[in-house]
Amino acid sequence: MTVQISFTLNGRPTTIDVEPATLVTELLRETLSLTGTHIGCDTSQCGACVVHLNGLPVKSCTLLAPALDGATLLTIEGLQGAPGSNQLHPMQEAFREHHGLQCGFCTPGMLMTAVALATEKPVLTEADVRHGLEGNICRCTGYQNIVVSVMAGAAAMNAAKGE
Amino acid sequence: MGNVIGIGASPKRKEDQRFLTGRGNYVSDIKRPGMTAGVFVRSPHGHAVLRGIDKSAALAAPGVIAVLTGDDVKADKLGSLPCGWGISDAKGVPMKEPPFPMLAQDKVRFVGDMVAFVVAETPAQANAAAELLTVDYEVLPSVVGVLEAVRPGAPQLFDDVPNNICCDWELGDKAVVETAFRKAAHVAKLSLVNNRLIGNPMEPRAAIAEYEPGTDRFTLWTTSQFPHVVRFLMGALVLNIPQHKLRVVAPDVGGGFGVKQFHYGEEAVITWAAKRVMRPIKWVASRSEGYVSDRHGRDHVTEAELALDETGKFLAFRVNTLANMGGYLSTFGPNIPTNLYGPLLGGVYTTPAIYCNVKVVFTNTVPVDAYRGAGRPEATFVLERIVDVAASEMGIDRVEIRRRNMIPKEAYPYQTPVLVQYDSGDPVGCLDGALVAADVKDFGIRKAESARRGKFRGLGYSTYVEACGLAPSRFAGRLGARGGLYESATVRVHPTGQVTVMIGTHNHGQGHETTFAQIVSEKLGVSFENVDIVFGDTDRVQFGMGTYGSRSLVVGGAALSKATDKVVAKGKKIAAHLLEAAEVDIQFEAGQFSVAGTDRMKTFEEIAGAAYVPHNYPLEVLEPGLEEQAYYDPVNFTYPGGCHIAEVEVDPETGTVTLVNYTAVDDVGTVINPMIVEGQLHGGIVQGVGQALFENAVYDEGSGQLLSGSLMDYCMPRADHMPMMKVATHSTLCTHTPMGVKGCGEVGTIGSPAAVINAVVDALSHLGVTHVDMPATPNRIWRLLQNASLPVAAE
Ligand code: FES
Ligand code: FES
């Protein structure tokens with residue numbers, strides 16, 4: 001048995017039939033071939049799967065697909081500047097500039113959390129960022145450069161807003 | 001020409017664009033036409049006789065294509081997983097080497113041991129069918145700790161391995177050490193545990209296997225740090241697939257830290273099964289599955305004694321260790337607590353006599369193998385803990401006792417009493433640098449300030465040396481390595497002057513695409529953008545040993561450097577012909593071949609073009625094309641070292657340890673890309689801090705259940721556990737690698753555990769605390785404080 005859901009995915013209206021027990025991670029990765037959202041655990045601890053649901057960060061590995069009906073979903077694939085271009089979002093630019101990634105596996109989830117943090121609070125302290133990243137594990141970077149990246153990215157997002 | 005970015009620069013990484021935009025290509029992202037799903041059925045018992053498996057219900061379940069067990073493996077006469085390193089005891093008796101079957105036969109020996117593989121149309125169907133498999137186990141008592149495993153009457157894993165001892169290994173001159181101990185003014189003693197760790201790269205392991213009947217070829221995509229080694233071990237030794245019929249691809253891999261360095265049974269089973277079902281199969285581990293199947297790290301129990309004269313000079317060091325191997329020998333398992341541990345017990349000190357005995361022991365736990373640092377963090381921890389103990393017992397300052405015993409810079413090359421010869425280093429320089437950077441002189445002020453808030457503050461030092469850039473082959477061969485440890489690189493210059501490099505190391509976060517491109521850009525004078533690095537595919541790359549033991553830049557970079565030299569040499573020949581000059585008169589600089597003392601020149605692009613369009617070309621003496629290959633086998637290990645200083649604050653009310661400052665000064669040789677090196681240091685330090693403060697793999701004795709079996713029960717360091725760290729390099733150049741590099745991937749993990757624990761002990765020393773085992777969790781510290789039976793509140 002399947003149900004039909006309609007939602008906005010990275011700016012595009014999408015209608016699709018899903019099994020009600022489908023997780024959003026599975027829907028994105030398997031059905032829609034959007035593999036940028038990663039799965040790093042089975043206990044909602046790692047944050048590799050963070051996406052924005054109606055503008056708020058959520059762990060998509062604990063979200064069932066029917067919950068998307070009528071919602072707006074943003075994944076890492078929808079974060080960039082111009083669609084189809086190689087232009088980066090200011091937060092992506094900041095991660096690149098400050099070496100906020102190594103193997104890149106945690107990176108999409110980190111970026112989605114970071115953008116949400118910066119959107120929620122315009123001026124972020126180091127403590128805010130460290131606290132805000134509690135739900136995202138990175139095994140490679142030791143976090144230091146991620147924290148620096150998020151602060152720089154937030155500043156850049158603010159500057160862009162002010163223009 | 002264009003944008004040359006060379007050694008010492010920090011360009012933004014080439015690999016970042018795809019990772020930042022979600023366009024990385026990890027194994028779990030790959031889909032193949034007609035792909036099926038595979039699921040492993042694993043033992044829920046630590047130790048049991050496998051009496052039989054009833055497949056019928058599982059086979060009848062919807063979507064099921066195959067159910068394979070150990071009996072099928074036997075029927076197909078397949079090999080078991082090979083161990084890549086054979087060690088022997090002092091009398092030359094080889095280690096006990098029981099077979100490690102790819103699917104369990106007759107017995108299971110740890111929770112997670114694989115008993116069957118189910119293939120179905122979808123993952124859900126495969127999981128459902130796996131539930132229907134009836135496995136008849138006769139449960140036996142498990143033994144999980146090394147002390148328990150060697151006791152008389154302990155459960156025995158293998159009939160022909162008495163007392164579960166795989167090998168009783170030793171190194172050093174026992175008699176000389178005993179004599180030195182008799183003359184000692186003081187002997188410090190310490191018993192300690194080096195806790196078992198789970199590597200936890202963020203990408204769980206995964207594999208896809210496919211068989212093409214048309215060409216009789218197999219392809220295996222796997223999350224591996226060394227695809228060529230998997231091809232060799234699996235093809236030649238397990239499945240009997242000729243090397244040219246087997247392609248192994250390790251695409252983007254989400255972290256390794258050693259965990260993805262081994263040949264795993266899952267890779268062999270899925271490849272074998274793909275031909276049996278004639279369809280591609282995909283398996284992706286869950287994190288929890290990784291906890292019971294990824295190889296674990298560390299797990300030592302050690303008794304150490306340090307003999308000193310009345311001035312605090314080290315006379316001799318004696319170490320007895322029981323090292324846990326788990327249920328079977330993994331690829332490098334027996335090598336880690338022996339060859340990568342004993343020879344590093346000298347550290348940066350002039351200790352003249354060292355003896356080390358290691359009993360390598362089987363238990364009913366996940367096999368243990370190399371995890372970031374592998375053997376060297378264990379050696380550093382023992383040594384740097386006991387130095388602190390000795391200092392405190394003898395009333396000598398901890399920095400002073402280290403200084404008195406350090407190998408002076410002028411004494412290099414330095415031969416230790418335990419095999420290795422350090423080629424270069426400056427431990428005192430690193431120590432001095434770290435003391436300043438950590439602002440040690442004002443520590444007393446900070447401690448007093450903590451005390452006013454009711455907190456105990458402590459400072460901890462750790463100095464270390466490691467052996468990395470694994471190789472050389474000849475040396476490794478003498479120590480029992482069953483493979484070579486060189487590296488290879490091919491530099492392909494295209495007719496237009498762009499360059500593709502095929503290299504045998506594997507990039508899983510270390511930034512190879514950037515660092516190696518810098519080397520080529522500098523050496524050939526070509527634009528950084530015009531260099532691509534290819535790795536991780538046995539069909540595209542000639543051969544290679546992969547990435548582990550901080551060997552990529554040290555050994556792979558050297559091969560690359562050699563190959564570019566060959567390109568230049570051939571380019572000079574072509575230029576000499578085109579410029580009508582003698583070859584010896586041709587100079588190559590900044591991407592231009594010129595005739596010395598003239599303005600006649602050809603650009604690198606012109607030479608590349610001429611090599612591929614040989615209209616005017618000395619075909620009698622020179623082949624067309626511009627592509628060169630080099631294999632490089634080093635003459636020695638490289639020896640990075642350094643000094644780490646940790647500062648902690650302990651809350652006596654809760655037992656919580658907070659890391660408040662961290663400083664590291666490391667000697668990693670030449671730094672090609674400072675940004676990447678710094679990132680490697682950060683990551684390594686936090687992994688070591690994880691071991692010291694949070695991480696612990698805990699088994700239940702008797703049942704053999706892994707109690708810390710998921711991210712819910714195994715505490716990983718998170719962003720808010722860490723302060724901003726200060727890292728710096730104080731480099732001496734390696735004397736034998738072409739660019740002077742030493743390696744940097746593991747130094748953080750090697751230096752940090754001892755620094756942090758020494759700081760914790762320092763914070764609690766006024767209560768009579770002399771040692772704290774890792775991890776220093778709030779619970780452990782709180783209990784220590786209760787037992788200290790002293791007023792808990794700070795004065
Ligand atoms: S995959 Fe969602 S939190 Fe780990
Ligand atoms: S970059 Fe590898 S896990 Fe974060």
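I'll start with an aromatic cluster in chain B: B:Phe100, B:Phe110, B:Phe158, B:Tyr328 and B:Phe362 form a single group. Keep in mind that this is a predicted model.

Staying with aromatics, the count over all chains is 23 aromatic pairs. One of them is B:Tyr486 with B:Tyr631, a tilted pair with ring centres 5.9 Å apart and 45° between the planes. What does this pair tie together? B:Tyr486 sits in the loop between α14 (473–478) and β19 (487–493) of chain B, and B:Tyr631 sits in strand β25 (residues 627–632) of chain B, so the pair links parts that are 145 residues apart in sequence. As for exposure, B:Tyr486 is partly exposed, at 22% relative accessible area. B:Tyr631 is partly exposed as well, at 36%.

Next, a single residue, B:Thr547. You will find B:Thr547 in the loop between β21 (531–534) and α16 (552–578) of chain B. Is B:Thr547 buried or exposed? B:Thr547 has a relative accessibility of 6%, so it counts as buried, the cut-off being under 20%. The side chain of B:Thr547 reaches the backbone nitrogen of B:His506 at 2.7 Å. That side chain also makes a polar contact with the side chain of B:Ser552, at 2.6 Å. Leaving aside residues up to four places away in sequence, B:Thr547 touches B:Gln225, B:Thr505, B:His506, B:His508, B:Gln510, B:His512 and B:Ser552.

Now the interface of chain B and chain A. How many residues does each chain bring to the contact? Chain B gives 51 residues and chain A gives 49 residues. The size of an interface is often quoted as the accessible area lost when the parts come together. Here the area buried between chain B and chain A is about 4400 Å², with carbon and sulfur atoms giving 53% of that.

On the polar side, there are three salt bridges between chain B and chain A. In one salt bridge, A:Arg29 is joined to B:Asp29, and the closest N and O atoms are 2.9 Å apart. The rule finds 30 residue pairs in polar contact across this interface, both residues being at pLDDT 80 or more.

Which elements of chain B give two or more residues to the side that touches chain A? They are α1 (16–20), α9 (287–291) and α18 (674–693) of chain B. The largest share comes from α18(B), with eight residues. By residue class, the side of chain B that touches chain A divides into 22 nonpolar, 18 polar and 11 charged.

Conventions:
Residues numbered from 1 in each chain as written. Chains lettered and ligands numbered in written order. Predicted model: local features only at pLDDT ≥ 70, side-chain atom pairs only at ≥ 80, totals over all residues. Heavy atoms only, no water. Contact = heavy atoms within 4.5 Å. Buried area = accessible area lost by both parts, 1.4 Å probe. Salt bridge = Lys/Arg side-chain N within 4 Å of Asp/Glu carboxyl O. Polar contact = N/O pair within 3.5 Å; in protein donor to acceptor, adjacent residues only side chain to side chain. Helix = DSSP H or I, 4+ residues; strand = E, 2+ residues; numbered from the N terminus. Nonpolar A, V, L, I, M, F, W, Y, C, P; charged D, E, K, R; others polar. Phe/Tyr/Trp six-rings, centres within 6.5 Å; stacked < 30°, edge-to-face > 60°. Buried < 20%, exposed > 50% of the residue type's maximum accessible area, 1.4 Å probe, protein only.
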